[in-house]
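Biologist: I have a new structure open and want to learn to read it. Can we take it feature by feature?

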Amino acid sequence: MTEASRLAELLASRLRAVWGAAVEVTGLQQLPGGASRESWGAAVRMADGAERRLVLLRDPDGRDRHGDVAIQAAAMTAAREAGVPVPEVCDYGEEALGPGRPYLLTERLDGETIPRRLLRDDAYAAVRPRLARRLGEVLARIHRVDPDSVADLPRVDALGQVTALYEDFGEPRPALEIGLRWLAEHRPPPSPDALVHGDFRTGNLIVAQDGLRGVLDWELAHRGDPMQDLGWLCTKAWRFGSANPVGGFGTREDLMSGYADGGGTPPDEVTQRWWELYGTVRWALLCRRQAERYLTGGEASIELAVLGRRVCEQEFDVLLALGHAEPVTVTDPLAGPAAPPPAPHDRPGGPGLLRAVGDYLTTDLAAADPRRAFHARVAANALRIAQREAMLGAGHARDHRARLAALGCAGDAELCAAIRDGSLDHRFGDVIAAVRAMTVDKLAVANPGHLARPG
């Protein structure tokens, strides 16, 4: 019996118990995406012949759980009652769909979630200009929900949370040290506590050609400063290459107008920019946390592995936001022809063979089912990163040692300590130059094109 068939049986049994009627699961398919939780699309036939389409979100064997499913369900229900477009919660629990597998079951809404389609396809050209204002209005509705109405909603100190996450890794990252120090020294006055979605961004929104259909992924919902959601939506990572700051859709002015229309009080520009920088630091650390699930041997996921090499994108964006870096164009070493093999070996050489594997992953395998196509693209990207590291890594390591030595630091840990305690503030320009150079080197391997994207 396959995993899908076993899960279908469990789901049918659970729905019969919840709805008190005969239910048949006529289709169950794992959906693409979802680094933190499994996502399944289910087709269900009721006793009267009516069809229902559902989405099942299930934790991966209970590892790295992102919040309590009861809190998520309660937050979604409260937001839905406040007029927020949220899928109806059908069921949730801890064990019914597999031991140690907390789950959330909702209705399935029509629309698109994939950012590259929403931001580029002609089908959404008419709705894109209206979305920034609409998202502001929806966020205001979320933030007007009384957080006391959501039982056991945890309170989160945003800056304290990311600082603790960074410290828990025990992994020195000079660019993030610079960002965290700036955030601590420039923290704006807090807004009154509200229900915070926690992950309100492009990719977690269902959009149809006529507008926003739904707000998804409530596993990070909490009580805290509502400005976090506004900053997170405008964080550079969620623009997906677009020049428009609000999730790639529109302007901050439209977002704030919609927020005011919905009954919210928009932040001033300084506060908004603080929260956007916070979002960049936070995403860097969440990428690193996701990668840890692969690095510790818990999950053999190509997606989690490659997330570890995305941290440097956010490190560069921290420097960019603080005015310590400018967009720069670097040559991708893979852009030219593959090097020939050394004698006596035949062509194609090693680089050419790796390129052939990458092409296979992004063409032949990408023509398969959507989930496999997504992971094929991620795998091809992993190959490109490994190729660039093989070509550039030794030179980067040599240059990095020289930069640290010039600052009188034996390693990244000493440099981070100096950034934290200010002992190198008299040479801050040199520190910035060194951190910028190491970050550019990392991106030259991980994603050279990111260096040219403006803030």
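**Reading the model, feature by feature**

Modeller: Start with a loop. Pro344 sits in the loop between H11 and helix H12 (350-362). Keep in mind that this is a predicted model.

Biologist: What is the peptide bond from Ala343 to Pro344 like, cis or trans?

Modeller: Look at omega. The bond from Ala343 to Pro344 is cis, with omega near 10°. Pro348 also lies in the loop between H11 and H12. A cis peptide bond joins Arg347 and Pro348, with omega about 0°.

Biologist: Next, phi. Which sign does phi of Asp217 have, positive or negative?

Modeller: Positive. Phi of Asp217 is near 55°, and Asp217 is a residue other than glycine. Find Asp217 in the loop between S8 and strand S9 (222-224). Its relative accessible area is 25%, so Asp217 counts as partly exposed.

Biologist: And what is phi of Phe240?

Modeller: Phi of Phe240 is near 55°, a positive value in a residue other than glycine. Phe240 is in the loop between helix H7 (227-233) and helix H8 (252-261). Phe240 is partly exposed, with a relative accessible area of 28%.

Biologist: How do I read a sheet? What is the strand order in the open sheet of five strands?

Modeller: Read across the strands, not along the chain. The order is S1-S2-S3-S5-S4, and the pairing is antiparallel. Strand S1 (23-30) and strand S4 (89-93) stand at the edges. Each has a single partner strand, so one side of each is left without a neighbour in the sheet. From one strand to the next, the twist averages 20°.

Biologist: How many bridges join strand S2 to strand S3?

Modeller: Eight bridges join S2 (residues 38-46) to S3 (residues 51-58), and the two strands run antiparallel. For one facing pair, look at Val44, which stands opposite Arg52 in S3.

Biologist: Which helix lies across S1, S2, S3, S4 and strand S5?

Modeller: That is helix H1 (residues 3-19). H1 runs at about 140° to S1, and S5 covers 103-107.

Biologist: Now strand S7. Are its faces covered or open?

Modeller: Both faces of S7 (residues 205-208) are covered. Leu205 and Val207 are buried on one side, Ile206 and Ala208 on the other. A hairpin joins S7 to S8 through two residues. Four bridges link S7 to S8 (residues 211-215), and these strands run antiparallel. Ala208 stands opposite Gly211 in S8.

Biologist: On to empty space. How many cavities of 30 Å³ or more does a search of the whole structure find?

Modeller: One. About 40 Å³ of space lies in the largest cavity. Its lining is Arg181, Ala418, Ile419, Leu424, Asp425, Phe428 and Val431. Helix H14 (412-421) and helix H15 (428-446) are the elements that give two or more residues to that lining. By class, the lining has five nonpolar, no polar and two charged residues.

Biologist: A pocket is open, unlike a cavity. What is the volume of the second largest pocket?

Modeller: About 600 Å³. The second largest pocket is lined by 27 residues. Arg173, Arg309, Cys312, Glu389 and Lys442 lie nearest its centre. H13 gives the largest share of the lining, six residues. By class, the lining of this pocket has 13 nonpolar, four polar and ten charged residues.

Biologist: One last residue. Is Glu269 buried or exposed?

Modeller: Exposed, with a relative accessible area of 59%. Glu269 is in helix H9. Glu24 is 245 residues away along the chain, and the two C-alpha atoms are separated by 53 Å.

Note on methods. Residues are numbered from 1 along each chain as its sequence is written. This is a predicted model: local features need pLDDT of at least 70, side-chain atom pairs count only at pLDDT 80 or more; totals for chains, interfaces and linings use all residues. Side-chain values use heavy atoms; hydrogens and water are left out. On a 1 Å grid over the protein atoms alone, a cavity is a set of points where a 1.4 Å probe fits but cannot get out, and a pocket is an open set with protein on both sides within 12 Å along at least five of seven lines; lining residues have an atom within 4 Å of a point. Grid points are joined across faces, edges and corners, and a volume is the space filled by probe spheres set on the points. Ala, Val, Leu, Ile, Met, Phe, Trp, Tyr, Cys and Pro count as nonpolar, Asp, Glu, Lys and Arg as charged, and the others, Gly among them, as polar. Two strands pair if DSSP finds at least two bridges between them. Axes are lines fitted to C-alpha atoms, for helices over the stretch in contact, and angles run from 0 to 180 degrees between N-to-C directions. Contact means heavy atoms within 4.5 Å. Buried means under 20% relative accessible area, exposed over 50%, partly exposed in between (1.4 Å probe, protein chains only).
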